[in-house]
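Q: Got a minute to walk through this one with me? Let's pull it up.

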Amino acid sequence: MFITSRPDIVFVRGQGSWLYDSEGREYLDFIQGWAVNSLGHCPKVIRDALANQAEIVINVSPAFYNEPMQRLANLLTDLSGLDRVFFANSGAEANEGAIKLARKWGSSKRGGASEIIVFEDAFHGRTLATMSASGKPQWKDLFEPKVGGFVRVRRNDIQAVREAIGPRTAAVMLEPIQGEAGVMPFTIEFLRELRDLTDETGVLLVLDEIQTGIGRTGRMFYFEHAGIRPDILTLGKGIGGGVPLAAVLAREAVSVFEAGDQGGTFNGNPLMTAVGYAVVKEISRPEFLANVEANGEYLAAQLRGLSEKFGLGEVRGHGLLLALDLGKPDGSRTVTAVQERGLLLNSPRPATLRFMPALNVTRAEIDKMLGIVGAALAI
Ligand code: PLP
């Protein structure tokens, strides 16, 4: 079924930061499945976890506990400081679960409150509710009628949030860095003020860390940079390193689902959670995270250098989720030009290039990527 136009390339193999097509050409991959392959293509950690778990048990039923599910849940609650986990298969499904949980909590603990405050340019997924929560301008009139109950305000405008909170408000939901919007960060100051405001007014803070979580910004979770903790947290993308896995985490007092409210056939299946455990364990090593932070700083500095050299715009983001503003709508032209030179790059907005390599990308690979981008910008 047509869903998007794709280039005339068929990929047949991947290793680390590299992909190989059916014609034998190699590509340096700075998209990595849209910040999904956190350990690169086909890492040993994932191959081993898949092979070992496939020998033990692949699927039981979400009506029973299984061992890898418990192991990963314990690891995630230890790392995040939250208490409960629900596993899902995609980011949108995790956010859908977070929205349901916030509404359930509002209906039982806050006098029937059901509204969720969301932000302009937000991206929370492609189910009906998550598209309705998103603020992508192109989606404004798509798939009407939208799911109701979302109140939209401007990014980084704490006063607007304050004014929007009322008795019907259950939660405020945001991505701490809006990835699909072009790597647009909320300020640390805003995140701290928002935590204080939601505490003060008794509404939930829901962080969608599907793109920023699991080491992408040099910390396990972006909220650590602000020294805050959400009431509900969603994770996806990098948590499975390439396999379909996502999660909703919440504080004990917020975990109000009753039997039958939430579930799904594949949710928490041992094959995926065994991979998730191996991936999260590897990324949560302090040396691994320190390396992400250091390589992120290096990449950002080099991108600022490119920007100066070619008279481009700002460099945004944190760790290995970075964007370079081109200052003019040259994004897709640049993506095509670098692709012809063997580099896969993404342009989420017409004037923006986004960099989301494997978290274990090497300096040599970063330098090679910069060389190709520099050559493409020079023409
Ligand atoms: N939330 C954020 C912040 C995302 O970046 C994405 C995907 O890009 C999603 C949710 C949706 O995740 P998925 O595509 O796995 O449904």
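A: First, a term: helices (H or I, at least four residues) and strands (E, at least two) are DSSP runs, numbered from the N terminus. The model is predicted, so local features need pLDDT of at least 70, side-chain atom pairs count only at pLDDT 80 or more, and totals for chains, interfaces and linings use all residues. Residues are numbered from 1 along each chain as its sequence is written, and side-chain values use heavy atoms, with hydrogens and water left out.

Q: Where does Pro145 lie?
A: In the loop between helix 5 (128–133) and strand 6 (150–153). A cis peptide bond joins Glu144 to Pro145, with omega at about -5°.

Q: And what is phi of Asn156 near?
A: Near 65°, a positive value in a residue other than glycine. Asn156 sits in the loop between strand 6 and helix 6 (158–164).

Q: Switching to the ligand. How many residues surround it?
A: 13, counting a residue if one of its heavy atoms lies within 4 Å. The closest are Gly91, Ala92, Asp208, Gln211 and Lys237.

Q: Which ligand atom does the Asp208 side chain approach?
A: A nitrogen, 2.7 Å from a side-chain N or O atom of Asp208. That is a polar contact (a pair of N or O atoms within 3.5 Å). Lys237 has a side-chain N or O atom 3.0 Å from a ligand oxygen. For Gly91, a backbone N or O atom lies 2.8 Å from a ligand oxygen.

Q: How do helix 3 and helix 9 pack?
A: Helix 3 (residues 67–80) and helix 9 (residues 270–283) pack at about 35°, axes 8 Å apart. Axes are lines fitted to C-alpha atoms over the stretch in contact, and angles run from 0 to 180 degrees between N-to-C directions.

Notes
A polar contact is a pair of N or O atoms within 3.5 Å; within protein, one must be able to donate a hydrogen and the other to accept it, and residues adjacent in sequence count only if both atoms are side-chain atoms.
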